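Hi,

Here is the structure I promised to pass on. Have a look at it first, and then read my notes below.

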Amino acid sequence: MRQQLLDVLHLLDATPAPRGRERTAAHRLRAWCAQRWPHVEWQVAEHGPAGGSLIATHGAGPLLYSHLDTSLDDGGADNQLVTGSAAPVAPLGVDGDVVAGFGLGVARGPAAAALVAFAEAGAGRLLLAGSGTHRRTGGITGLEAYADAYPLPHSAIVAKCGPPTLLWHEPGALYLTVRVTGRSGAAMAAESATPPGGVVTFAGVVLDELARWRTAYLAADPREGQTGRACGIGAISGGWPDKPDLLPAQLRIDLYVVTGDPVEPKVLADELADRLRARCARSELRDCAVEVEAEPVAAAAATPADAPVVKAAQAAWLDEFGTRPPPITGWTGSTDGVVLRARGLDTVRLGPQAKPAADDPRRDALSLAQLTAYARIYRRLLTELPA
């Protein structure tokens, strides 16, 4: 199994699969799998302009789900906005038990384990979905396209890196967009803008209040089940980089908010807007308009702890690792498990633990022994659980 995992990882590493543009990688993977495991009917389900997912069925059994896309593209220009580096990313490397490469944590490591487990199990269904990672303007996801076209079983296993335990609760998430709008002006005449010097000059006022709001939001976390709250500022923008002689009228700040408990997005946005307006009214931004818009991603969801898929996963974990899955609270990672639960599937999530590679934080490092252990658990669950 170790060698098969390495073969799949090298193949995935050789073909970029950024979100929404996985079709080439999906077809290449399908052709490779058809040669390696010809007894399985491998297919590519296309969605959107260039999206693609790898799917296969071995008869009855649960759905084994993982990502095909890597969110970012290891050669894409947009990556520099996040990573701060335009240098090429080194290819997949293996050093003893450690494998390191681009996208291993977000997708490729668990996806390889799921693929090998499915091929060996001879049961169940496999979906390596394109467009599975969160994106604001991504259109239909591979999972949504699959669920609209194929009948779904009663249970699913999400193969995804995460904490060293078994998850059957999953937090929700939403985006918040903050806009503070004044009046544009010219840099050579700072007083021509509202406020004088431009709205971006006083971004610190807004950021300071957002930090206070974040502290209060996290402090109110009821820690329901295994999940918790989180919040972070992912983007700040204002003005036109090609024309910095113009002072922009608007400052925009985008936040990603994790909701471990039931949260009404519009109520959260309205509360934050009231708070920001009160703070801006006491500052140079007093004559600016403040708006906060909420964009839901998914609501928090949970599978009953006594569901067959949870019990089976706990038993498989115990046999593989010699101990029961450790308890966990405050987990803040959200995946397409929330979508599966919304479609009526009892769902669990488990997978290896990734960390930044020592030589380049843009690459992830995984233990091959650990990855193989999770592949064995996936294989067992596919053969033991009913459809």
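**What I found**

The accessible surface of the chain comes to about 16,600 Å², and carbon and sulfur atoms account for 54% of it. Keep in mind that this is a predicted model.

A bit more on the chain as a whole. It holds 10 helices and 18 strands. Its radius of gyration is 23 Å, close to the 21 Å that the globule rule gives for 387 residues, so the chain is as compact as a globular protein of that length. Along the principal axes, the C-alpha atoms fill a box of roughly 75 × 45 × 40 Å. Of the 387 residues, 51% are buried. If you take the contacts between residues at least 6 apart in sequence, 79% of them join residues at least 24 apart.

Now the sheet I spent time on. It is an open one with six strands and mixed pairing, in the order S1-S2-S6-S3-S7-S16. S1 (43–47) and S16 (346–350) are the edge strands, each pairing on one side only. On average, neighbouring strands are turned by 20° against each other, ignoring direction.

Going through some of the pairs:

- S2 (residues 51–57) and S6 (residues 125–129) are antiparallel, with four bridges; Ala56 sits opposite Leu126 of S6.
- S3 and S6 are parallel, with five bridges; Leu63 has Arg125 in S6 as its bridge partner.
- S3 and S7 also run parallel, joined by three bridges; here Leu63 stands opposite Ala156 in S7.

How many of the five residues of S3 are buried? Five of the five, so the strand is largely enclosed by the rest of the structure. Both of its faces are covered: Leu63, Tyr65 and His67 are buried on one side, and Leu64 and Ser66 on the other.

Two helices are worth a look against this sheet. Helix H2 (residues 23–36) packs on it and touches S1, S2 and S6, with its direction at about 25° to that of S2. Helix H4 (residues 104–121) lies across S2, S3 (63–67), S6 and S7 (155–159), and runs at about 150° to S3.

H4 also carries a residue you may want to click on, Arg108. Is Arg108 buried or exposed? With a relative accessible area of 4%, Arg108 counts as buried, because the cut-off for that is under 20%. Beyond its neighbours within four places in sequence, Arg108 is in contact with Leu9, Leu12, Asp13, Thr15, Pro16, Ala17, Thr70, Phe102 and Gly103.

Last, the nonpolar cores. In soluble globular proteins, nonpolar side chains tend to be buried together. The largest core here has 57 residues, and Trp42 and Leu115 have the most contacts inside it. H4 gives the most to this core, with 11 residues. Not counting residues up to four places away in sequence, Trp42 touches Arg30, Cys33, Ala34, Trp37, Leu54, Ile55, Ala56, Leu115, Phe118 and Leu126. So the two residues with the most contacts in the core, Trp42 and Leu115, touch each other. There is a second, separate core of 27 residues, and it includes Val180, Leu210, Trp213 and Ile253.

That's what I have for now. Cheers!

Key: Residues numbered from 1 in each chain as written. Predicted model: local features only at pLDDT ≥ 70, side-chain atom pairs only at ≥ 80, totals over all residues. Heavy atoms only, no water. Pairing = 2+ DSSP bridges. Helix = DSSP H or I, 4+ residues; strand = E, 2+ residues; numbered from the N terminus. Axes fitted to C-alpha atoms, helices over the stretch in contact; angles between N-to-C directions. Contact = heavy atoms within 4.5 Å. Buried < 20%, exposed > 50% of the residue type's maximum accessible area, 1.4 Å probe, protein only. Core = buried A, V, L, I, M, F, W, Y, C linked by side-chain atoms within 4.5 Å. Rg over C-alpha atoms; globule rule 2.2 N^0.38 Å. Areas by Shrake-Rupley, 256 points an atom, 1.4 Å probe, with all protein chains shown as cover.
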